[in-house]
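Okay, thanks everyone for coming. I'd like to walk you through a few spots in this one, so have a look at the screen.

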Amino acid sequence: MPGSTTLLDHAGPAPLGGGGGRSDGAKGGKRPLPHIDDVTSVTVDIDNHAPIEKVLQMAEACLRQAESSKTFGRPDLALKDYIRTNIILLDVIKKNKGWPSLQSDNKTQFERYQRLLRHVHAAHGDFDAIKAQIKAENAKTGVQPTVRRPGSAGTASGNGQEKQGAVNGTSKENDAAAGPASPPPKQRPAVQPKPQNLHGKALSLSTPATSAKTQDLLQRFANLRANSTSSSQDTRVCIQPLRPPPKLPKVPPAPPPSVPMDGIPAEMPRVPDAIYNPPRGTITSETAALPSSAPRAMFTRTNSTTSVNTIRNTKPLSASTPPPTTSPAKRTKPTIPDSDTISVEDLLRFMKAGAKDLSILLIDIRSREDFDDGHIMSQATICVEPEVLVRDHISANQIADSMVLAPAAEQLLFDRRHEFDLLVFYDQYSEKILDTPRTTEEKAVSGLFNALSHYDFPGAWGSKPRPKLLCGGLDEWTNMVGNASLQSSSTTTAKRYAASPMARSLLNRRQTHVTRPIQDPAEAKKWEDTIADAGAISPVRTTEDFLRRFPSISEQRESMVSPVSPLTSLPQSPFQYRLSHEENLYTSLPPPPARPPPAVPRRSYSGLAEAEDSSVALAKKSSAQVVDIVRKHRTGLQNPGVFCFANSSLQAMFATPGFAREVWTGAWKDAYKVPLKPDENFENPQLLLKCLANLFHWLNQGTFKALAAKTFMEYIHYIHSKGADGKKKPDCDIFGGHSQQDAQEFYSFIMDNIHDETNTRRDRKPPKEEKPYTPRDGTIIQNAMDYWRDYSKASSSIVDRYFRGLEVFISRCHNRDCRQEIRLFQPCDVWILNLAGMGDPTDFDSLLANHQTSEHFPDLVCETCNKPGRTRKAKFARLPDRLAFCLNRFNSAGGGFSNRSGKIHSKVRFPIRDLDLTRYCAEPDPDMATTDDRHFAGRMVYDCYAVTVHVGQGINGGHYYAYVQDETSRDPTDWFRCNDDVVDRVKIGTGMPGDLTEAMYQSGNTSAYMIFYRRRGT
């Protein structure tokens, strides 16, 4: 990692007995944690004239290393680094010469400093627990402090120790303990005795000569340690090998006398090379803090200047050989191409070079869920979500602010982006950066590139790396490297997607009525056969129809009819052995006369399988060959008692332009092939839509004046008879039973189940909570498009295509000092407009204005300022091509249909044509300046095509019928009144005598209940 490898090496090489949580090789036991005095004896040696940028980098590196050590089970190292961070932020930086200018002039650096303070303060509780953990283990193990803590160890050390004592609350007792002036090297006590069988050939101390040799060897080791500690450079603040400067005498000295010593090698050990640097080797315990995603080949000891294998395999130098005078040659950094994109091959080559030569930061700009599913494995990979990047002219600092809920490690990496040599960002498949992006993905790519290239101010860093787009994105990476190179994670829980209780209370949640598809293949097959049976649709015949089709048989015998006689076999030809049976001589005889066909063709028992019926011939054609026909009748639907609520709703659905045609032609079968859900073992038979398609087919034929939708209502009764708990509902609450039901609830039930039967992404899990947006996330139109994109990941059905829109609830805090605003989106198929408190008569604009007026929630507490009082206002965010409104005329709603009664009979005048909803949108955009998606922008002008009317005093009884526009007529005032099986032609919207518009609005206890609109031009 840049910064962490060039500033601090913490406490130098970890002592062999101090690794908390590490195994003791031969023994297999855990080594005890060092004494708390050893852990808290931390010094920081930083010059007061050092650049303030370097000081901030050291603090960031220490804090990052503390978090990593804590994660990988090294509490002692974590606490040391945390103390260093406190010393730097609270003492060292304030004594630096650049401290005054940091507060007043350099805003970017001061924001970094404040951010570090917040991180340190947030982690205080964790490290207090670590401190208590170390003390508790010290009490168990009885370990003693090994460090000498003099009262003054140089100016920097003294200052550092005093500050760490203030930060950590540790006393300075035992500071007076000191050894003799020239003590022999103090040897570390062994944790456990070495087994006898592992002892090597020990030195014999029995003879004076051997003892002298041993003392000489020990003295030479002591001299090496003295040279190391007396060096002017602190070993903990440098990663370069610390070697005494080589002395080059003019004349090589004479070799010392060779003294034969058993077990003593001729070559003396050297000061260890940079293998002890944490990111470069694995001897010290600090290597455990490496990111888990770091490739193994990047940080191995094979690239070190001196490795164990190298020492073992190198031939020992003779005593006369002078030490080497040349330092290892430094490798040059790879050349980074000067372009805005980078190929997968080049990125792989740079990654294989290792962090020592080239540090790389990868930025994934897909959604957090996609990032967790799999992202490129590297030493440093972060996620910046696309909804942040699509904002206009977003800067790098704004991106950093938006990552407040991202993992802390990702925030630090993005804050230190200028320290990397190469920045590479990628999405799923983008190949280039467009100047005029259109889609959300293209805008995200362009937004990040501009933010890091044009709207990023490095301040004291000076130069900044130029970001590069990975050509082909993640798809190209996996094609070349494979899926094994991806790493999964679990950072979604840190997102803001979970809606708070306050946000949930601001939504109007509508209960859905989705039933589980039939999972019994035999049961599904039975319903399939029933739907395919011609008797599924029963025509309603009058006596006149029956007599016309089956006239009475006359008693007078027709002249062309031969007497009925039993059939006799034809005589065989006398030449049957010479002629084939096809050439029988009697085949040339004329057949007996037959009765001519009747003037009206006879029908089958069901009336739907007539040989010469054009409708049957049409039904046999494929959906691609369907042609429009002239209907003989506008077919009505028979009501056996209380089916008027269903008949009126079905007539309105059949009048829906586009949707009805796609259903009855069968085009939906190829467009909406749905997968299995995880809890299903049998494919969705789509029986409801098949029933509806069969009914719509015969309604479109217009052959009969009326039909009885017997099979359709039987299936509705079957799937609606059980509740969500699997228990059977009361008969009075079941559609298709013996009680009157609500037309709007029936319509919503049909739509919910058709949505599930045609949702091609029904196997994906939708978001559990609604996602709140704020003005910092962009405009409301941008928020709505982002929400719909996320919603569409798990939903794509025929209902989404025609009927589903979005409503946004904008909530603001009452507190003038806060005024926090959040935006919540909710899908909607039917907009319910309340009539309570409205005048009589009233108009549609008044209802819409009342629906979108501000509501006050005095007891709702703001989550930002913790003060009560918020407002909420509803607006249209996405309008569908087919729009349904329900006039809520029933002023009491108890939990079920049977509990709602009283009715409001107010007359509501609504436009038959030219309903302009543009001004009711959250952000009107009639000129489509923000987007070319007509569902979010443009002129929202609608024309009415169907109206459902309720007759009666209450919802528990009464009657329903429907007005539907004649789609086959060029005159928009030609309508039908479909009152069950009776269908009449009427005029709507002419303003002339005989027009039924006012009667449709309201007449006595008859009033409009549901209104259906189509967007003009769709």
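I'll take a helix pair, then a sheet, then a single leucine.

Keep in mind that this is a predicted model.

So, the helices. α3, residues 75-95, packs against α5, residues 107-122, at an angle of about 140 degrees, and their axes are 11 Å apart. That angle makes α3 oblique to α5, because we only say roughly antiparallel over 145. The crossing of α3 past α5 is left-handed. Who's actually touching? From α3 we have Tyr82, Thr85, Asn86, Leu89, Leu90, Ile93 and Lys94, and they meet Tyr113, Leu116, Leu117 and Val120 of α5. Sorted by class, that contact comes out as 8 nonpolar, 2 polar and 1 charged residues.

Next, the sheet. It's an open one with 5 strands, ordered β1-β6-β5-β2-β4, and the pairing is parallel. At the edges you find β1 (341-342) and β4 (381-383); each has a single partner strand, so one side of each has no neighbour in the sheet. For β1 that partner is β6, residues 467-470, running parallel to β1 and joined to it by 2 bridges. If you want to find the spot, Thr341 has Leu469 in β6 as its bridge partner.

Last one: Leu887, in strand β17, which covers residues 882-888. Is Leu887 buried or exposed? Buried, with a relative accessible area of 0%. And what does Leu887 touch, leaving out residues up to four places away in sequence? Leu833, Leu835, Phe844, Leu847, Val908, Ala1008, Tyr1009 and Ile1011. Take Leu833: it sits 54 residues from Leu887 along the chain, yet their C-alpha atoms are separated by 5.2 Å.

That's my tour, happy to rotate things around.

Technical notes
Residues numbered from 1 in each chain as written. Predicted model: local features only at pLDDT ≥ 70, side-chain atom pairs only at ≥ 80, totals over all residues. Heavy atoms only, no water. Pairing = 2+ DSSP bridges. Helix = DSSP H or I, 4+ residues; strand = E, 2+ residues; numbered from the N terminus. Buried < 20%, exposed > 50% of the residue type's maximum accessible area, 1.4 Å probe, protein only. Contact = heavy atoms within 4.5 Å. Axes fitted to C-alpha atoms, helices over the stretch in contact; angles between N-to-C directions. Parallel < 35°, antiparallel > 145°, perpendicular 65-115°, else oblique. Left-handed = near helix turned anticlockwise from the far one by under 90°. Nonpolar A, V, L, I, M, F, W, Y, C, P; charged D, E, K, R; others polar.
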